[in-house]
Amino acid sequence: SNWGELDFLILDLPPGTGDINLTLCQQLPITAAVVVTTPHKLSYIDVVKGIEMFDKLKVPTIALVENLATFTCDHGTVYRPFGAGFAAQLVERYGFPKAFEF
């Protein structure tokens with residue numbers, strides 16, 4: 001496809017550090033990564049692998065998003081249906097400038 005000149009191209013990569021992720025990071029001039037996780041331990045493990053892969057390839061991780069972290073009911077009460085996630089630990093470990101929970 002010919003999209004013309006782009007300001008941004010966002011790639012939604014599969015979790016982990018598989019061949020697709022590694023090849024794209026080596027072949028394309030990727031300037032930054034935003035990693036998305038969930039409150040589940042397996043997601044945390046995959047995200048750590050991805051962050052470390054990006055670090056090795058000199059692709060800065062500029063933000064962390066923890067999806068499925070909370071929901072707010074009609075009364076305004078915020079719930080964590082899957083318990084506390086690992087976003088705070090990831091921010092502390094890697095020092096992300098931005099972190100979001102949804």
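**Exercise 1. Backbone angles in the loops**

In which loop does Leu68 lie? Locate Leu68, then compile its phi angle and its accessibility, and do likewise for Lys58.

*Solution.* The model is a predicted one, in which local features need pLDDT of at least 70 and side-chain atom pairs count only at pLDDT 80 or more, while totals for chains, interfaces and linings use all residues. Residues are numbered from 1 along each chain as its sequence is written, and side-chain values use heavy atoms, with hydrogens and water left out.

Step 1. Leu68 lies in the loop between β2 and β3 (71-72), where helices (H or I, at least four residues) and strands (E, at least two) are DSSP runs numbered from the N terminus.

Step 2. The phi angle of Leu68 is near 65°, a positive value in a residue other than glycine, and Leu68 counts as partly exposed because its relative accessibility is 41%; here buried means under 20% relative accessible area, exposed over 50%, and partly exposed in between, with a 1.4 Å probe and protein chains only.

Step 3. Lys58, in the loop between α2 and β2 (61-66), likewise has a positive phi, near 60°, and at 71% relative accessibility Lys58 counts as exposed.

**Exercise 2. The fold as a whole**

Determine how many helices and strands the protein chain has, and in which pattern they follow one another.

*Solution.* Step 1. The protein chain has 3 helices and 5 strands, and along the sequence these give the pattern α-β-α-β-β-β-α-β.

Step 2. The C-alpha atoms fill a box of roughly 50 × 30 × 25 Å along the principal axes, and 27% of the 102 residues count as buried.

**Exercise 3. The largest pocket**

Characterise the largest pocket by its volume, its lining and the elements that supply the lining.

*Solution.* Step 1. About 960 Å³ of space lies in the largest pocket, a pocket being, on a 1 Å grid over the protein atoms alone, an open set of points where a 1.4 Å probe fits, with protein on both sides within 12 Å along at least five of seven lines, and lining residues having an atom within 4 Å of a point. Of its 32 lining residues, Leu11, Leu13, Ala32, Ala33 and Val34 are the closest to the centre.

Step 2. Both β1 (33-37) and α2 (41-56) supply at least two residues of the lining, and α2 gives the largest share, 7 residues.

Step 3. By class, the lining has 21 nonpolar, 8 polar and 3 charged residues, where Ala, Val, Leu, Ile, Met, Phe, Trp, Tyr, Cys and Pro count as nonpolar, Asp, Glu, Lys and Arg as charged, and the others, Gly among them, as polar.

**Exercise 4. Salt bridges**

Find how many salt bridges the structure holds, and state which parts of the chain each pair links.

*Solution.* Step 1. The structure holds 2 salt bridges, each defined by a side-chain nitrogen of Lys or Arg within 4 Å of a carboxyl oxygen of Asp or Glu.

Step 2. Arg93 pairs with Glu52, their closest N and O atoms being 3.3 Å apart; this pair links distant parts of the chain, with Arg93 in helix α3 (residues 87-94) and Glu52 in helix α2, 41 residues apart. Arg93 is partly exposed at 47%, and Glu52 is partly exposed at 34% relative accessibility.

Step 3. Arg80 and Glu101 meet through their side chains at 2.8 Å, N to O, linking the loop between β4 (78-79) and α3 to strand β5 (residues 98-101) across 21 residues. Arg80 counts as partly exposed at 39% relative accessibility, as does Glu101 at 38%.

How values were computed
Points joined across faces, edges and corners; volume = space filled by probe spheres on them.
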